[in-house]
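I sat down with this model to look up its domains, strands, ligand shells and backbone oddities. My entries follow in the order in which I checked them.

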Amino acid sequence: MKQVYMETFGCQMNVADTDRMEQLLFQSGYLRTSAKENADLVLVNTCSIRDKAEHKIYSLLGTIRPLKKANPDMTLALAGCLAQQEGETLIKKFPYLDMVLGPDAVERVVEAVDYVKTQKKSLVWTEFDQEKKYSIPISDEPAAKTSGPSAYVNIIKGCDKFCSFCIVPFTRGREKSREPYEIYEEVRQLVDRGAKEIILLGQNVNSYGKRDMQPPTPFHELLYGVAEISGVERIRFTTSHPKDFTKEAARAFKDLDILVNQLHLPVQSGNNKVLERMRRGYTVNEYKALIDLLRSEAPDIAFSTDIIVGFPGETDQEFEDTLELMEWVGFDSSYMFSYSPRPGTPATEMEDSVPLEVKKERLQRTIDLQKSLSDRNAKKYIGQVVEVLVEGETVHKDYDFKGRSPHYWMVNFSGGQKTLKSGGLAKIYIESASGHALRGTYRSPN
Ligand code: SAH
Ligand code: SF4
Ligand code: F3S
């Protein structure tokens, strides 16, 4: 078989796209390798969410250039959001690149590789597909790799929110949902292949099924549908948008035992004026009311979030409001970022007024606060027995296995060697915590 080396930057949607391309390439005779030197095809799936993400990709391209020189038959492909954003420019900047594929070209990856190999010409495919619906056909072909206990399933692509700082609506296009029957079929197949936990994916899953679907299927109905599929033991979903989160979806946390009580709910800022400039479409009080609603349905629900510091015009006081909100919610974890201007987004019209030093200092303060919130939350689990979905052996020298708790904490634990394997559920007694990981001892199987 021919060899393909693949590298992924960015979010879970990119990870899922890389998996899909791996599967399609596998069907056409490519096996994934971890050594790029010998690869027939090198495919980098890119991200352009922040300046830093872009730069990492440019430096990776620099390291691939000599490989391509040594092996001119190697095909070099860039896919994903940076590819969509830059298009033709990439070929001009890096003439040794063979192809540039936007996110909507994922299904056509084999056709693209064949074109480049036979025509001996580079190509740029960045037009958005014209289909009304999003479809990822399911086939019975053998899988390129065994799925672990957790599997991602795309349910919606694109984003129509146009937050003023964000490149995603430009790189991923308009929102389009997959038909429920196709999603259920994929879930059944993944379960047959060993998946226990299904993670439903999209930039805004709460917007699922709103458009071009007959009959319309709101997101919560999809959750109930997936929960009925036998063999699914846990369900998660990401990412949620506070503005589109319905009370019916909140109710699902109460009704569905296998929908774990953990939610990633990006807030971005704790100040109304900043939220308005960001065009997030909700106020701090609306966000808090949603948290209260979710807690009334699922009292032990754990939250994580995304925060941007140093958005144009953010004052000291506005920043302090973000710290206050983080404290109020008591997030288990946060992904925290310095604002980074993105080409063509409305926020670039606003003056990037917060000096770099101040951005850095604010970022550090959110990191410090989050650390103390995480430490505080971790203590709640000490002395408790939690159910862990076993991922496999841990590299941690004092423990045997690792896995995730329902609240999405990594758990390293000792014991259970005779009975446990990847994909099993186990009851673990938690004895201590360190960073965003818990440590404990095996008690019993599920
Ligand atoms: N769809 C999700 C996440 C999209 S991108 C949502 O709506 O929340 C992931 C995170 O990257 C965002 O939540 C935001 O916190 C961050 N991000 C996006 N654009 C950014 C920018 N220009 N500068 C800094 N952080 C950014
Ligand atoms: Fe970007 Fe906003 Fe869409 Fe999230 S909801 S992907 S932050 S535009
Ligand atoms: Fe990056 Fe595109 Fe995801 S910009 S974060 S890979 S949607």
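**Entry: strand β1 and its partners**

I started in β3, where Asn45 is the bridge partner of Thr8. I note at once that this is a predicted model: local features need pLDDT of at least 70, side-chain atom pairs count only at pLDDT 80 or more, and totals for chains, interfaces and linings use all residues. Side-chain values use heavy atoms, with hydrogens and water left out, residues are numbered from 1 along each chain as its sequence is written, and chains are lettered from A and ligands numbered from 1 in the order in which they are written.

Strand β3 (residues 41-46) runs parallel to β1, and 5 bridges join the two. I use DSSP runs for the elements, numbered from the N terminus: helices are H or I with at least four residues, strands E with at least two. Strands pair if DSSP finds at least two bridges between them.

Next I looked up β2 (residues 30-33). It is also parallel to β1 (residues 2-8), with 4 bridges. Which residue does Lys2 face in β2? I found Tyr30 opposite Lys2. Helix α1 (residues 12-27) joins in: β1, α1 and β2 form a right-handed β-α-β unit. Right-handed here means that, with the strands pointing away from the viewer, the path from the first strand over the helix to the second runs clockwise.

**Entry: Phe26**

I stayed in helix α1 and picked Phe26. Which residues does Phe26 contact, leaving aside neighbours within four places in sequence? I listed Met1, Leu31, Pro142, Ala143 and Ala144 (contact: heavy atoms within 4.5 Å). I also checked Val106, which is 80 residues from Phe26 along the chain; their C-alpha atoms are 14 Å apart.

**Entry: domains**

I copied the domain bounds, which come from an automatic or database domain assignment. They are domain 1 (2-125), domain 2 (130-260), domain 3 (273-278 + 287-379) and domain 4 (385-442). I took one pair further. The C-alpha centres of domain 2 and domain 4 are 27 Å apart. Their contact draws 8 residues from domain 2 and 12 residues from domain 4.

**Entry: ligand shells**

I took a residue as near a ligand if one of its heavy atoms lies within 4 Å of it. Around ligand 3 I found Cys11, Asn14, Cys47, Ser48, Ile49, Cys81, Val168, Arg172 and Gln203. Why do I place ligand 3 between domain 1 and domain 2? Domain 1 (2-125) and domain 2 (130-260) both give residues to its shell, so ligand 3 lies between them.

I sorted residues by class: Ala, Val, Leu, Ile, Met, Phe, Trp, Tyr, Cys and Pro are nonpolar, Asp, Glu, Lys and Arg charged, and the others, Gly among them, polar. The shell of ligand 3 then has 5 nonpolar, 3 polar and 1 charged residues.

Ligand 2 has Cys159, Lys161, Phe162, Cys163, Phe165, Cys166, Val168, Pro169, Gln203, His241 and Arg280 around it. By class, I get 7 nonpolar, 2 polar and 2 charged residues.

**Entry: sheet β7-β10-β11**

I read this as an open sheet of 3 strands with parallel pairing. At the edges are β7 (150-154) and β11 (234-238), each pairing on one side only. Neighbouring strands are turned by 25° against each other on average, direction ignored (axes are lines fitted to C-alpha atoms, for helices over the stretch in contact; angles run from 0 to 180 degrees between N-to-C directions).

Strand β10 (residues 197-201) pairs with β11 over 5 bridges. Among the partners, Glu197 goes with Arg234 in β11. Helix α7 (residues 180-192) lies across β7 and β10, at about 165° to β7.

**Entry: sheet β12-β13-β14**

I found another open sheet of 3 strands, again with parallel pairing. Its edge strands, β12 (262-264) and β14 (333-338), each have a single partner strand, so one side of each is left without a neighbour in the sheet. Here the average turn between neighbouring strands is 10°, direction ignored.

Strand β13 (residues 302-309) pairs with β14 over 6 bridges. Ile308 stands opposite Phe337 in β14. I saw helix α13 (residues 356-379) packing on this sheet, touching β13 and β14; its direction makes about 175° with that of β14.

**Entry: backbone oddities**

I logged a cis peptide bond from Gln214 to Pro215, with omega near -10°. Pro215 is in the loop between β10 and α8 (219-227). The bond from Thr238 to Thr239 is cis too, with omega near 5°. Thr239 is in the loop between β11 and α9 (247-255).

Last, I checked Lys120. Its phi is positive, about 55°, although Lys120 is not a glycine. I place Lys120 in the loop between α5 (109-119) and β6 (123-125).
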